[in-house]
Structures are given as structure tokens and as C-alpha cells.
Amino acid sequence: YVYGEMPIRPEWSGDPPRDRYELELLARFMDDGKPVLGVCRGHQLINVAFGGSLFQDTELQQPGARRHQDHAVYDENFHDIAIEPGTRLADLYPGVTTAKVNTIHHQAVNRLGHDLVIEARSIDDGVIEAIRWTGPGYVFGVQWHPEFHDPSDEALLDGSPILLEFLACCESRIPPTAR
């Protein structure tokens, strides 16, 4: 309901108190100029906060979509993404145009929110995998879980550049007297 749609299935009615809390938290962070990195649900929440919509169930609502959630393998379910050229994500991964990431979600961005740009998509079905706010400050979301990627697995996208960019933005917000 918080996302402006009636749930297709009763079990997808969500958690309205959590949704309201997290949307308010995002708004306050943005008002204070604090960096925001949204992962999976956080990526979706960013899109909704900017007026976008979600597929309640990608496999059900997007014909030809791959299975982005498989409970039997959980975070061992992988697919390839295409990084959009000319984006900040492309700058973080010079020379990388495609990469393998995990996929643990059944919801996904449908209509992109205002003032957001797409930085990556799933190669299989075009699902939006990374978004970034074009306004002042740092608001970035990824649909995958980079924290679940084994850094020693060279087949997977290394999450370090994303984390380091976010941490650098956080550090630049700390007043010198607080360091």
C-alpha cells in the first residue's frame, strides 16, 4: 500500500510501518546531505521515494524475466549485468562493461523515479540493477548484494569500489573537529 499499489498477493502486502520509517529516514538523510547507499530493498526504496514504481514480482509481471530469487541457492544465484557507459558506476569500474552479480529479489524497479539515472541493467531481461540520484549529494542504489560477493572470486564484480566511494562520501561529511 505504501508504494501506491494494491498487493497482487496477500503475502506481498509488505510492512507499512517499516516502509514509512525507511522513507522518512531516507528523506532526513537527504535533507541533511548525508550519503545514502541502498542495497536490494534499499535500491527499490530509493526509486519509490523519488516517485518511481516497482514490479511486485518481476517473474510474474515482466514477461521473459529470469528468476531473480531462488531460495534453494539464495546468494549463489548469479546473472550478468551491463554497466551503462558514461555513468559513475562505469567510472568506478574502468574497462568493465559487463559483470556477474548475485540476485536475491523478486521485486524490481518498474517505472524509474524522478531525477534518477540507470547505471546498470540485467543482461538477461533488462531489469534495472543500479540507479543514482542526479541531484546534489550521494544517493546510489544497487539491486544486488555486493557484501555477499567473495572478494577472492574473480568471476564476481568486486564490491570494493562501490563501498570505498560511499565511505569517501561519508568521510567528507565528517567535520574536522569530529575526526
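A salt bridge is a side-chain nitrogen of Lys or Arg within 4 Å of a carboxyl oxygen of Asp or Glu. This structure holds 8 of these salt bridges. You are looking at a predicted model, where local features need pLDDT of at least 70, side-chain atom pairs count only at pLDDT 80 or more, and totals for chains, interfaces and linings use all residues. Residues are numbered from 1 along each chain as its sequence is written, and side-chain values use heavy atoms, leaving out hydrogens and water.

**First stop: Glu 22**

Select Arg 18 and Glu 22, a salt bridge with its closest N and O atoms 2.8 Å apart. Both sit in helix α1 (residues 16-31), 4 residues apart, so about one helical turn separates them. Helices (H or I, at least four residues) and strands (E, at least two) are DSSP runs, numbered from the N terminus.

Now add Arg 41, whose side chain also meets Glu 22 in a salt bridge (2.8 Å, N to O). Arg 41 belongs to helix α2 (residues 41-49), so this pair ties together parts 19 residues apart in sequence.

**Second stop: Arg 132**

Next, select Arg 132 in strand β7 (residues 128-133). Is Arg 132 buried or exposed? Its relative accessible area is 10%, so Arg 132 is buried; buried means under 20%, exposed over 50%, partly exposed in between (1.4 Å probe, protein chains only).

Add Glu 119, which forms a salt bridge with Arg 132 at 2.9 Å between the closest N and O atoms. Glu 119 lies in strand β6 (residues 116-122), 13 residues away from Arg 132. Glu 119 is buried too, at 2% relative accessibility.

Finally, show Arg 88, Asp 91 and Glu 165: with Glu 119 and Arg 132, they are joined into one network by salt bridges that share partners.
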